[in-house]
Amino acid sequence: MTVKHKASDQAEIRQLIDRWAESLRSKNVNAVMSHYAPDIVAFDLAPPLQYRGADTYRKNWKAWFPTFRGSIGYEIRDLRIAASDDVAFCHSFNRITGRRTDDEKTDVWVRATFCCCKIDGKWKIVHEHQSVPFYMDGSYRAALDLTP
């Protein structure tokens with residue numbers, strides 16, 4: 001792979017992640033799903049342990065978006081991308097903010113990893129992992145007070 005080709009792929013992947021985040025911010029389920037491969041495997045914040053396939057993962061988004069009033073704040077920080085010809089992975093810290101329908105304020109940082117493959121000439125997300133660390137002091141509480 002040439003350096004120019006690698007830079008081009010990294011730029012395309014960055015655009016993919018940016019468009020995915022904008023789709024999330026506007027709570028557009030179809031737009032979010034357009035960035036995933038049909039056989040996506042996701043390890044999301046909400047149970048179950050994994051989602052297999054776009055149809056299954058779509059249900060998660062359809063259930064989560066209505067729990068927010070208005071748009072969702074979604075900031076991506078420190079995005080790093082490593083890409084070869086047809087496989088890439090990215091990781092970042094992502095901040096979710098907004099007001100929930102129960103009037104609770106959401107402001108949490110999560111760790112995110114996206115694995116992408118070039119499918120029919122276009123980059124798609126084939127694996128997504130979002131998580132928060134937890135305190136290993138016996139309480140097993142989510143460490144929601146951490147920031148990058």
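This is a short tour of the structure above, one selection at a time.

Before you click, note that this is a predicted model, in which local features need pLDDT of at least 70, side-chain atom pairs count only at pLDDT 80 or more, and totals for chains, interfaces and linings use all residues. Residues are numbered from 1 along each chain as its sequence is written, and side-chain values use heavy atoms, with hydrogens and water left out.

**Stop 1: helix α1**

Select residues 3-25 to see helix α1. Helices here are DSSP runs of H or I with at least four residues, strands are runs of E with at least two, and both are numbered from the N terminus. Now pick Asp 9, which lies in this helix. Is Asp 9 buried or exposed? Asp 9 counts as buried because its relative accessibility is 1%; buried means under 20% relative accessible area, exposed over 50%, and partly exposed in between, using a 1.4 Å probe and protein chains only.

**Stop 2: strand β1 and its partners**

Next, select residues 36-43, strand β1, together with residues 122-131, strand β6. These two run parallel and are joined by 4 bridges. Two strands pair if DSSP finds at least two bridges between them. Look for Tyr 36, which stands opposite Ile 125 in β6.

Then add strand β2, residues 51-52, which pairs with β1 in the antiparallel sense over 2 bridges. Here Val 41 has Arg 52 in β2 as its bridge partner. Try a distance from Arg 52 back to Asp 9: their C-alpha atoms are separated by 26 Å, and the two residues are 43 apart along the chain.

**Stop 3: two hairpins**

Select strand β4 (residues 87-100) and strand β5 (residues 105-119), an antiparallel pair with 13 bridges. Thr 97 stands opposite Asp 107 in β5. The hairpin of β4 and β5 has 4 residues between the strands, and Asp 103 in the turn has a positive phi of about 75°.

Keep β5 and bring back β6: they pair in the antiparallel sense over 9 bridges. You will meet Ile 125 in β6 again, this time opposite Cys 116. This hairpin has 2 residues between its strands, and Asp 120 takes a positive phi near 50°.

**Stop 4: the segment after β6**

Finally, select Phe 134, found in the segment after β6. With a relative accessible area of 42%, Phe 134 is partly exposed.
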